[in-house]
Amino acid sequence: MTVAVSLINMKGGVGKTTLTFNLAWYCAWQANLRVLAVDLDPQSNLSQYFMGAEKYLEYLNEDRATVVDIFEQFSAPKSSRHAPALLDPKKVIYNLRRWRDGSLLDLVPSRLELAWTLKNPTEKAHLLPQFLAKVGPSYDLIIIDCAPTESILTAAAYRSSRYVVVPVRPEFLATIGLPLLARSLEEFRLMHQDQALDMAGIIFNDLRRSNTPPEQKRSRLAVSTLAAEFGWPVFDVAAHHSESYPAGSRQGTPIFMTDYARDYVKDEFSAVGENFLASIGVK
Ligand SMILES: Nc1ncnc2c1ncn2[C@@H]1O[C@H](COP(=O)(O)OP(=O)(O)O)[C@@H](O)[C@H]1O
Ligand SMILES: [Mg+2]
């Protein structure tokens, strides 16, 4: 059984991409799962983290397929003489890592042109779940990094997912996108009663490890109160602030593989990973 999860928050800069990247690595490398990560943000940060900035630029220059091709496979034909054909999944899936025990880590990269899909969104949201259903049997876990918008991309993520996980950075106005998210989830559920889509929980990210500022305490409380109102769980384990997250991302290295990250940071992220897997019923 493949489980698909979207990391989503209408607010940007909360850690969606950082957590997607590290969780994907954790689930493949530590939990021995077959993992497909999907970059569903035109900003393409996840693709850069996975491939490294240089390889990613090369990939773009070679005009290789991205998530854009999934959404646009039937628009803008390169030659009108050819009959329309379905996109070959092998062309869109970048193989990052293979382990001997069969676990693996793959990526569907993004590119800035995904913004065009937002401009002309009719009849496209189903193309992602359709694509993922086809490749799904090759994976245990599909993890989707979402853009901070309420758009066709959100709809595509929901339609592809069994669970939603919401990273929150406890700061001023941290709650601002949550009612909108609750509303968009509820709307989606009413419109798609044949699909199960559950909130797996809120995960606090980038907490200060010591001298917790009052703002962070207030914000955490406000978010937890709102979560309780919505009936959303909050992860027991939070990810604290560590410079190893951005440093690792820049080098295409997950936190637990860097040699500069402190052991307690690595251990904490493993606990976050276990909490994540438990919340989506994988372990
Ligand atoms: N736990 C953390 N500790 C330190 N820096 C973090 C942490 N989580 C995220 N960051 C940094 O914060 C910035 C925003 O994170 P990102 O994952 O890109 O957020 P989003 O995808 O929600 O926009 C990035 O520069 C990232 O490296
Ligand atoms: Mg992001």
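**View 1. Residues around ligand 1 in a predicted model.** In this predicted model, 16 residues surround ligand 1. G13, K16, T17, T18 and N205 come nearest to the ligand. Sorted by class, the shell around ligand 1 holds 9 polar residues, 4 nonpolar ones and 3 charged ones.

**View 2. Polar atoms facing ligand 1.** Start with G13. One of its backbone N or O atoms lies 2.7 Å from an oxygen atom of ligand 1. Next comes G15. Here a polar backbone atom is 3.0 Å from an oxygen atom of the ligand. T18 uses its side chain: an N or O atom there is 2.6 Å from an oxygen atom of ligand 1. On its own, ligand 1 has 560 Å² of accessible area, and the protein covers 82% of this.

**View 3. Helices and strand beside ligand 1.** Which element gives the most residues to the shell around ligand 1? Helix α1 does, with 3 residues. α1, β7 and α11 each bring at least two residues to this shell.

**View 4. The pocket that holds ligand 1.** Ligand 1 takes up the space of the second largest pocket. How much space lies in this pocket? The volume is about 360 Å³. The pocket is lined by 23 residues, and G13, V14, G15, T18 and R169 are the closest to its centre. G13 and T18 are also among the residues that come nearest to ligand 1.

**View 5. The lining of the second largest pocket.** Four elements each supply at least two lining residues: α1 (16-30), α2 (45-51), β7 (198-207) and α11 (244-251). What classes make up the lining of this pocket? There are 12 polar, 6 nonpolar and 5 charged residues.

Methods. Residues are numbered from 1 along each chain as its sequence is written. Chains are lettered from A and ligands numbered from 1 in the order in which they are written. This is a predicted model: local features need pLDDT of at least 70, side-chain atom pairs count only at pLDDT 80 or more; totals for chains, interfaces and linings use all residues. Side-chain values use heavy atoms; hydrogens and water are left out. On a 1 Å grid over the protein atoms alone, a cavity is a set of points where a 1.4 Å probe fits but cannot get out, and a pocket is an open set with protein on both sides within 12 Å along at least five of seven lines; lining residues have an atom within 4 Å of a point. Grid points are joined across faces, edges and corners, and a volume is the space filled by probe spheres set on the points. Ala, Val, Leu, Ile, Met, Phe, Trp, Tyr, Cys and Pro count as nonpolar, Asp, Glu, Lys and Arg as charged, and the others, Gly among them, as polar. A residue is near a molecule or strand if one of its heavy atoms lies within 4 Å of it. A polar contact is a pair of N or O atoms within 3.5 Å; within protein, one must be able to donate a hydrogen and the other to accept it, and residues adjacent in sequence count only if both atoms are side-chain atoms. Accessible areas come from the Shrake-Rupley method with a 1.4 Å probe; for residues, only the protein chains shown count as cover. A molecule sits in a cavity or pocket if more than half of its atoms lie within 2 Å of its grid points.
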